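Hi everyone, thanks for making the time. I'd like to walk you through one model and a few local features that I enjoyed looking at.

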Amino acid sequence: MPKFSYLLKLLTFLIGLVVILEAISYVATRVVINKAVTQNARAELLSGGELFTRIMQTKVEQLALSVKVLTEDFGFKDAVATSDEKTIASALINHSARVKADVGILIASDGKLIASDQTFGLQIVDEFNNLKEQAQVRGQAYDIIIVDGRAYQFVMFSVKAPVVIGLAAMGFEIKQDLSVELQRLTGLEVSFVIHDGKQYQYLSGTQDEKSRVVLLQQMQTENKQGEVFVYDELISLAVPAARQNNDLLAVLQVPLSQVLAPFSRLNVQLFLLALVFSVLAGIAALFLTRSVTHPVRVLADIARKIAGGFYSTPIAVTSKDELGDLARAFISMQQAIGEREQQVLYQSEHDPLTGLPNRLRIFPELEDAISRSRPLKESVFLLVIDIKNFTQINDELSQEIGDAVLREVGQKIARILTHGEVLRLGSDEFLAILMAAQRDSIAELAELIHAAFKTPLLVSGLQVSVEVNIGLATYPQDAESAESLLRRANLALNEGRGSEQCTCWYEQGWDEKHLRRLHLFREFESSLNAGHISLYYQPKINLERADTLGAEALVRWRHPEMGFVSPDEFIGVIESSGQITILTRWVLKTAIAQLRVLLDEKIKITCSVNLSALDLLVDDLPAYVAELLQSHKVPAENLYLEITESAIMREADKCLHNLRRLRDLGVTLSIDDFGTGYSSLSQLKKLPVSELKIDKSFILNLDTSADDQLIVRSTIDLGHTLGLSVTAEGVESEAIKALLKSYGCDTAQGYLYSKPLPAKEFIQWVHKYLAELTS
Ligand code: C2E
Ligand code: CA
Ligand code: CA
């Protein structure tokens, strides 16, 4: 639908109004004029009728004079008296011709009729008899009489000598020329019509053939005698033409166009006037509507700008009318919205607790810093600062104190890093964006921050010790975009946390490693379901009794795209993602099922399964193990579970509880990787373990390292003192095996015997080993 603007609507309305008014007044004027003109024409016609009658009268009088001259002519009288027909006829002919009469007649006293025109057949019609009687009485008479369908104006005189000896008459036919003459004199169309008892006939007149027919039709429909009537733009009046014969009428007419002619110019003028008024009205309407719509349009533009978020458009308001008021209201609205938006924006981009910009500002600030650093040839340093012990503060003191600490820490950092931008990332993390040419100056600032927290914060009268970790990444050295810069600074923070460094700079490859870890953790479960993960077995040999066999189940992951993934790499990943319990259950299930197979093959063997720290926190693990052993009918003493020292240190009580439950099942527990952690002997004593596995790092070079020999020897002694059996892993040579044996080590595991093998190959290996043993 086309859009009708207000301007167009108003314009259409106003111009339409003017046009309608003009049209009405034009029509009204025309109607009035027409009426006046028609009335005028009627009056004219009526007076024309009178004039017509008078002219006819005059004509009759002239005729009468000439007839009188004839009747008084002595020769004629004599001829009449002597009834000399021939003389009478020639006199009639002569006289008629002289007075231009159409016919001359003499009616002798004996009633005999002599006419100038031989063809003239005069019936003695009533009118003629009337005329005769009048002439005999008064000496003269006149009337129009119809003879042979023609109208004649007859004037009749008595011929006296001195008594009446006859009657003489002259007749003038009412013909075209009379009508034309009458028209000339009256200015009207003249027609003579007669009613023959049935219908009207046109005798003569000025009208053309076509008009005559129409006129006769009009006359036929009603009796129009004596009154004005109008048809076909003709104003007409029918008057009696004869004295006696009422059927003979003269119709006088004037065309309306003729009377209206003088007014047609007025018409044109009226029309032009209306046109001029309409145009003027249009121009006026245009100005009027523009004066209204222009400011409205300006305001609408401003409203659109406000909607688009531009609040600074200056509006110059000059008018003092309502529109001016509206514009002023707009301005104050614009300002109010602008201020409010500013406020909302500020609130949305700032942390209400510390007053620092929040994470919404990270990328704008970072990108700004990056673009400013380029021309200066400086680097952008991104520091992620996290309060190491915040959870503890929050939990042990209170949330209010936690909030106060956050506020204090934020302010402290901002005071130190005045040249940079400090933001609050979330919870207990802050972010600082700094620019510098040298890394050293930033390292110094990081030191200043740590130093600032050396003294405890004073919060609500409490001394609160705060420590922070700082992760750092540099643009453009460490990252090419703001996004990766932030990710890498966070990675550095995490690395620092893990490795107990309070300031940790991002190092090349960490992000890639991180991404690979992400990939591994995403792929793990589908790989397990797809059978890309399998279990290998490595033999454990008793050094005293070589036929006492054990095995350690070790997981292998062969990814179709990534290839072989070392358990050292992915175990850590799935531990941190919580997927380790899924793996452990799968390993337990597979290993116990494999134990069943081995026992069925009559191989006496134990199998060790590695547990991770998280497994020990799951309460239903002992129940799960018991169920598996039962369903596979595998005795509990055939199962060993290996746990690392560090695993037990976390949530020690819970771990201990679960370990006891496992031991109570009859399962043997081992301490794996012994020597790498910090566990003390006293702690070890409390654990329900039966085996101690010395970490391979002490074994691999045992034959050459005196230190390792010392450690391993004392560890074995220590284990025995605590009543534990001792296993050495990573035994690669006979020499090392011999050394271990001389130290009293109970069991050895290592490449000397075999690498971890798939189940089938492992069974083959065992058969071969046992066969060699007996031979
Ligand atoms: P670990 O429990 O200390 O396992 C012993 C590791 O030493 C195995 O590495 C084994 O292949 C290797 N090893 C054995 N003998 C020798 C030797 O003579 N020389 C050398 N250089 N190495 C030897 P692997 O299989 O790569 O496993 C690495 C670690 O991954 C394991 O250390 C264990 O902590 C973890 N892991 C493996 N499988 C599992 C599992 O099923 N569950 C859990 N939670 N962790 C597992
Ligand atoms: Ca192990
Ligand atoms: Ca180990």
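Let me begin with a definition, since the first topic needs it: two rings of Phe, Tyr or Trp, with the six-membered ring used for Trp, count as a pair if their centres lie within 6.5 Å. Planes under 30 degrees apart make a pair stacked, planes over 60 make it edge-to-face, and the rest are tilted. Please also keep in mind that this is a predicted model.

With that in hand, the structure holds 10 aromatic pairs. One of them is Tyr537 with Phe762, whose centres are 5.8 Å apart with 35° between the planes. That pair is tilted, because the tilted class takes what is neither under 30 nor over 60 degrees. Tyr537 belongs to strand β18 (residues 533-542) and Phe762 to helix α24 (residues 759-774), so the contact ties together parts of the chain that are 225 residues apart in sequence. Tyr537 and Phe762 are both buried.

Now for another pair, Trp765 and Tyr769. Here the rings are stacked, at 5.0 Å centre to centre and 10° between the planes. Trp765 and Tyr769 are separated by about one helical turn, because they are 4 residues apart in helix α24. Both of these residues are buried. Put the two pairs side by side and you get the cluster: Tyr537, Phe762, Trp765 and Tyr769 form one aromatic cluster.

Rings also meet charges in this model. The charged end of Arg439 sits over the ring of Trp505, 3.9 Å from its centre. Likewise, the charged end of Arg585 sits over the ring of Tyr624, and there the distance to the centre is 4.4 Å.

Let's move on to metals. Which residues coordinate the calcium ion (ligand 3)? They are Asp672 and Asp673 through OD, and Glu729 through OE, listed twice, at 2.1 to 2.5 Å. The spacing of the donor residues in sequence reads D-D-x55-E. Asp673 in strand β23 and Glu729 in strand β25 (residues 725-729) are 56 residues apart, so to speak a link between distant parts of the chain. Glu729 is buried, with a relative accessible area of 9%. Asp672 has a further role in the geometry: it bridges the calcium ion (ligand 3) and the calcium ion (ligand 2), and these two ions lie 4.1 Å apart.

Asp673 deserves a second look for its backbone. Its phi is near 50°, a positive value in a residue other than glycine. Asp673 lies in strand β23, which covers residues 668-674, and at 23% relative accessibility Asp673 counts as partly exposed.

Where else do we find a positive phi in a residue other than glycine? Ser460 has one, near 45°. Ser460 is in the loop between β14 (457-459) and β15 (462-464), and it counts as exposed, at 65% relative accessibility.

One last backbone detail for those of you who check omega angles. The peptide bond from Tyr475 to Pro476 is cis, with omega near 5°. Pro476 is placed in the loop between β16 (468-475) and α13 (482-498).

That's my tour, and I'm happy to take questions.

Definitions and conventions. Residues numbered from 1 in each chain as written. Chains lettered and ligands numbered in written order. Predicted model: local features only at pLDDT ≥ 70, side-chain atom pairs only at ≥ 80, totals over all residues. Heavy atoms only, no water. Helix = DSSP H or I, 4+ residues; strand = E, 2+ residues; numbered from the N terminus. Buried < 20%, exposed > 50% of the residue type's maximum accessible area, 1.4 Å probe, protein only. Donors = N, O, S within 2.8 Å, 3.2 Å for Na, K, Ca; no water. Lys NZ or Arg CZ within 6 Å of the ring centre and 35° of its normal.
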